[in-house]
Amino acid sequence: MRRVDAAAKLSVSTATLIRIFSARRCIMSQTNKILVTAATFNEMENLPRLVEEIFHYVPEADVLVIDDNSPDGTGRWCDRQRAENPKLHCLHRPGKLGLGTATIAGMKYAVENGYRYLLNMDADFSHKPEYLPALLAGMDPPGGPPIDVMIGSRYTPGGGVEGWPLHRRLMSRGVNLYARWLLGLRPKDCSGAFRCYRTETLARLDFDSIRSRGYSFQEEILWRLKRLGARFGETPIVFVDRQLGVSKIDSGEALAALRIIFSLGVQNLLRR
Ligand SMILES: Nc1nc2c(ncn2[C@@H]2O[C@H](COP(=O)(O)OP(=O)(O)OP(=O)(O)O)[C@@H](O)[C@H]2O)c(=O)[nH]1
Ligand SMILES: [Mg+2]
């Protein structure tokens, strides 16, 4: 009898050990989960190759496409592909609701689904997937404090822009100076979307307070994260003007972005 008890005890403790080990393995794989997000509107010419390249450079990642009912069928392509690849996820929104809100949708998805890192990029190959490993590596520098947002930076030594006419270069530089000065931001490139975020830091944001629907989102989120004490890093990227498809930025959206940055600047000055 005593021998049976001992055997039962042994098997219970073995089962418990197995459970503990598998739970730990699960937690470890959870905490290292990586999500790459790309918002799309009419990116059918770019998305298939982009998804392939993302999985090539970060095979351990999941990919989330946030599509705004693209008339060219980008969202339908994502659904078809998803049937063959469970690491690809598709979020569909009813119409073109803006890049800012699409990025927020991706951030909420990352927080809700327990990803540790969120890598965000444009879907038009201006952000080359080959830089993804450097962005990830920058998050936990050896011997240094962890980083909350790693920025793929055009304006840090080694970075640059290819294919933009002079007026576009000047505009981008001007917007960066304007935002850095008004919002007190330190990074050299505050307007690019190519970034890696630590999801637990994003989880501290009040997403409902974000005012930008469109392009000023990139500056606004840095400003809000800075107010939470977030640490920023930059790694150089060479941004390449899109080769396929058309730009979605228009002068109305660009002006709205300048207005929002200005009013956030006033709020910053008043420390509200
Ligand atoms: N879901 C969604 N994606 C968008 C929206 N507007 C732009 N995008 C996507 O956001 C990314 C950046 O948009 P672009 O049109 O390339 O804008 P940009 O990079 O600022 O401008 P360009 O230099 O002209 O390329 C691309 O992947 C677009 O498909 C939108 O309203 N909704
Ligand atoms: Mg672009």
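1. Let's start with G158, which counts as exposed because its C-beta has 11 neighbours inside 10 Å. For the burial labels here, C-beta atoms are placed from the backbone, and a residue is buried if 20 or more other C-beta atoms lie within 10 Å of its own, exposed if 12 or fewer, and partly exposed in between. G158 sits in the loop between β5 and β6 (160-162), and its C-alpha is 8.6 Å from that of T235, which is 77 residues away in sequence. Helices (H or I, at least four residues) and strands (E, at least two) are DSSP runs, numbered from the N terminus.

2. A word on the ground rules. This is a predicted model, so to speak: local features need pLDDT of at least 70 and side-chain atom pairs count only at pLDDT 80 or more, while totals for chains, interfaces and linings use all residues. Residues are numbered from 1 along each chain as its sequence is written, chains are lettered from A, and ligands are numbered from 1 in the order in which they are written.

3. The overall picture: the chain has nine helices and nine strands, and 38% of its 272 residues count as buried. Looking at contacts between residues at least 6 apart in sequence, 81% join residues at least 24 apart. Two residues are in contact if their C-beta atoms, placed from the backbone, lie within 7 Å.

4. Which residues are closest to ligand 1? They are A39, A102, A123, S247 and K248, out of 21 that surround the ligand; a residue is near a molecule or strand if its C-beta atom, placed from the backbone, lies within 6 Å of it. β1 (34-40), β2 (62-67) and α4 (99-112) each give at least two residues to this shell, with β1 supplying the largest share, three residues. The class split is nine nonpolar, four polar and eight charged. In that scheme Ala, Val, Leu, Ile, Met, Phe, Trp, Tyr, Cys and Pro are nonpolar, Asp, Glu, Lys and Arg are charged, and the others, Gly among them, are polar.

5. On to the core. The largest nonpolar core holds 59 residues, and I34, V36, L118, L119 and L132 have the most contacts inside it. Such a core is a set of buried Ala, Val, Leu, Ile, Met, Phe, Trp, Tyr and Cys residues joined through C-beta atoms within 7 Å. Setting aside neighbours within four places in sequence, L118 is in contact with L35, T37, G106, M107, A110, Y197, T199 and L202.

6. Helix α8 (residues 217-227) is largely enclosed by the rest of the structure, because eight of its eleven residues are buried. Those are F217, Q218, E219, E220, I221, L222, W223 and L225. They pack against α4, β5 (149-153), α6 (166-183), α7 (199-202) and α9 (251-269). Just after α8, G229 takes a positive phi of about 90°.

7. α6 and α9 pack at an angle of about 20°, their axes 8 Å apart. That makes α6 roughly parallel to α9. The axes are lines fitted to C-alpha atoms, for helices over the stretch in contact, and angles run from 0 to 180 degrees between N-to-C directions; under 35 degrees counts as roughly parallel, over 145 as roughly antiparallel, 65 to 115 as roughly perpendicular and the rest as oblique. Y178, A179, L182 and L183 of α6 meet I261, F262, L264, G265 and N268 of α9. By class, this contact has seven nonpolar, two polar and no charged residues.

8. Two asparagines deserve a look for their backbone. Most residues other than glycine have a negative phi. N42, however, has a positive phi near 55°, and so does N69, with a value near 55°. N42 is in the loop between β1 and α2 (47-57) and is buried, with 20 other C-beta atoms within 10 Å. N69 is in the loop between β2 and α3 (74-84) and is partly exposed, with 14 such atoms within 10 Å.

9. Finally, two long-range pairs. G98, in the loop between β3 (88-92) and α4, counts as buried with 20 C-beta neighbours inside 10 Å. Its C-alpha is 5.6 Å from that of R213, 115 residues away along the chain, and G98 touches R213 and G214, not counting residues up to four places away. V238 is in strand β9 (residues 238-240) and counts as partly exposed with 14 C-beta neighbours inside 10 Å. The C-alpha atoms of V238 and R154 are 6.1 Å apart, with their places 84 residues apart in sequence. Beyond four places in sequence, V238 is in contact with G159, G160 and E162.
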